[in-house]
Amino acid sequence: MLSGVQLPEVITPPGAPALPDDIVALVGGWLLGYRSAETRRAYATDLRRWLEFCRDHGIDWRSARRAHVDAWARTLEAANLSARTVARRLASVSSWYGYLVAEGVRPESPTEHVRRPHIPDHGETPGLTRDELRRLLDAARSHGSVRSVALLTLLATTGLRITEALSRDVEHIAHDSGHRILRIERKGSRGGRTVLTAPALRALDIYLAGRTTGPLFITSTGRRMGQPEAWRTVRRLSRRAELDGAGEISTHSLRVAFITGARQAGVPLEDVQDAVGHSDPRMTRRYDRARHGLDRHAAYAVTGWLDG
């Protein structure tokens, strides 16, 4: 543990082979550069995959070359991992070697000129139509708990990431300029807020039942609700709602539905981008499942303008 940040269980999870002390120190120093615990955990996992590849193929990570990283990338692709997953793992390893170069451990990074997979301009997470989203919320009200209703309504009406929703405490519900809001922490530990509309407030009030402190979403034992439980809740209720592809629907699907629905409702792209906390509007566009539909084609607007 260093500066209040627990790293050992992230670098070497329970059941995983122990890493040499010299690597642990370098990985720990690198991870301390990231404030988000989720980011540290994801990057550490990706790096372990690379170090395992090096070990299995007799490659010394200290002297690894671009050809070795290219070989790893081809191995990941051969395992049918998505382009996005391969690109993320390469980015994680690239970040670590960048740290090693900055610290003088290596003169250069073997990832510097590695070609990363092309990421399609549309997301891979299944979205939900307006009817499907309504059916999912109905299933929560009919077959779920008050917690399920509160969580799904919050996600559906705000587009929050599941990490943003589950990290909140009851005390983060507040007022701002006449609006009821939830104070949130975006990726990169950026502060933010989201508006709580009447359905979300009503569902939260019923769920909280007067509770004024502690984690916003809790388990039966009073501990903070975790992502796996939230994902299982969405999957179970998706099946109850008899949604197509229910086994692939996740908490992130509600975020996709929020973005698509906002754009279909005529919300400007920059306002949707701000609402969901994207730093790049291209990311927001990737989540908009209706953006290639013809109903919003610019030709209709220009024709109306010409008829003026």
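This tour proceeds through a predicted model, one selection at a time.

**The whole chain**

Begin with the entire protein chain displayed as a cartoon. The chain contains 14 helices and three strands. Of its 308 residues, 42% count as buried. A surface display would show about 16,900 Å² of exposed area, of which carbon and sulfur atoms supply 52%. As for contacts between residues at least 6 apart in sequence, 58% join residues at least 24 apart.

**Helices H2 and H3**

Select residues 21–31, which form helix H2, together with residues 37–56, which form helix H3. The two axes come within 11 Å and cross at roughly 145°. The crossing of H2 past H3 is right-handed. Show side chains next: on the H2 side, the contact involves Ile-23, Val-27, Trp-30 and Leu-31. On the H3 side, these residues meet Arg-40, Tyr-43, Ala-44, Leu-47 and Leu-51. By class, the residues of this contact comprise eight nonpolar, no polar and one charged.

**Helices H4 and H5**

Move on to residues 66–78 for helix H4 and residues 83–102 for helix H5. Their axes lie 10 Å apart, and the helices pack at an angle of about 155°. H4 is therefore roughly antiparallel to H5, since angles over 145 degrees are counted in that class. H4 also passes H5 in a right-handed crossing. To see the contact itself, display Val-69, Trp-72, Ala-73, Leu-76 and Glu-77 from H4. Then add Val-86, Arg-89, Leu-90 and Val-93 from H5. This set divides into seven nonpolar residues, no polar ones and two charged ones.

**Asn-80, between H4 and H5**

Without leaving this region, select Asn-80, which is placed in the loop between H4 and H5. What is the sign of its phi angle? Asn-80 has a positive phi of about 65°, although the residue is not a glycine. Asn-80 counts as exposed, because its relative accessibility is 71% and the class begins over 50%.

**Tyr-99, from H5 towards H2**

Follow helix H5 to Tyr-99, which is found in that helix. With a relative accessibility of 21%, Tyr-99 counts as partly exposed. Which residues does Tyr-99 touch, not counting those up to four places away in sequence? They are Leu-26, Gly-29 and Trp-30. Trp-30 has already appeared on this tour, as one of the H2 residues that meet H3. A distance label can be drawn from Tyr-99 to Val-27: their C-alpha atoms are 9.3 Å apart in space, while the two residues are 72 apart in sequence. Val-27 likewise belongs to the H2 side of the contact with H3.

**The loop between H10 and H11**

Now turn to the loop that follows helix H10 (227–240) and leads to H11. Three of its residues are worth selecting in turn.

- Glu-242 is placed in this loop. Its phi is positive, about 55°, although the residue is not a glycine. Glu-242 counts as exposed, at 64% relative accessibility.
- Asp-244 also has its place in the loop between H10 and H11. It is exposed, with a relative accessible area of 69%. Label the distance to Glu-132: the C-alpha atoms are separated by 8.9 Å, although the two residues are 112 apart along the chain.
- Glu-248 lies in the loop between H10 and H11 as well. At 55% relative accessibility, it counts as exposed. Leaving aside neighbours within four places in sequence, Glu-248 is in contact with Pro-126 and Arg-235. From Glu-248 to Gly-127, the C-alpha separation is 9.8 Å in space, across 121 residues of sequence.

**Thr-251, in helix H11**

The final selection is helix H11, residues 251–264, in which Thr-251 lies. Is Thr-251 buried or exposed? Thr-251 is buried, because its relative accessible area is 4% and the class covers values under 20%. To view its surroundings, display Leu-155, Ile-162, Ala-230, Trp-231 and Val-234. Thr-251 is in contact with these five residues once its neighbours within four places in sequence are set aside.

Notes. Residues are numbered from 1 along each chain as its sequence is written. This is a predicted model: local features need pLDDT of at least 70, side-chain atom pairs count only at pLDDT 80 or more; totals for chains, interfaces and linings use all residues. Side-chain values use heavy atoms; hydrogens and water are left out. Axes are lines fitted to C-alpha atoms, for helices over the stretch in contact, and angles run from 0 to 180 degrees between N-to-C directions. Helices (H or I, at least four residues) and strands (E, at least two) are DSSP runs, numbered from the N terminus. Angles under 35 degrees count as roughly parallel, over 145 as roughly antiparallel, 65 to 115 as roughly perpendicular and the rest as oblique. A crossing is left-handed if the near helix is turned anticlockwise from the far one by less than a right angle, and right-handed if clockwise. Contact means heavy atoms within 4.5 Å. Ala, Val, Leu, Ile, Met, Phe, Trp, Tyr, Cys and Pro count as nonpolar, Asp, Glu, Lys and Arg as charged, and the others, Gly among them, as polar. Buried means under 20% relative accessible area, exposed over 50%, partly exposed in between (1.4 Å probe, protein chains only). Accessible areas come from the Shrake-Rupley method with a 1.4 Å probe; for residues, only the protein chains shown count as cover.
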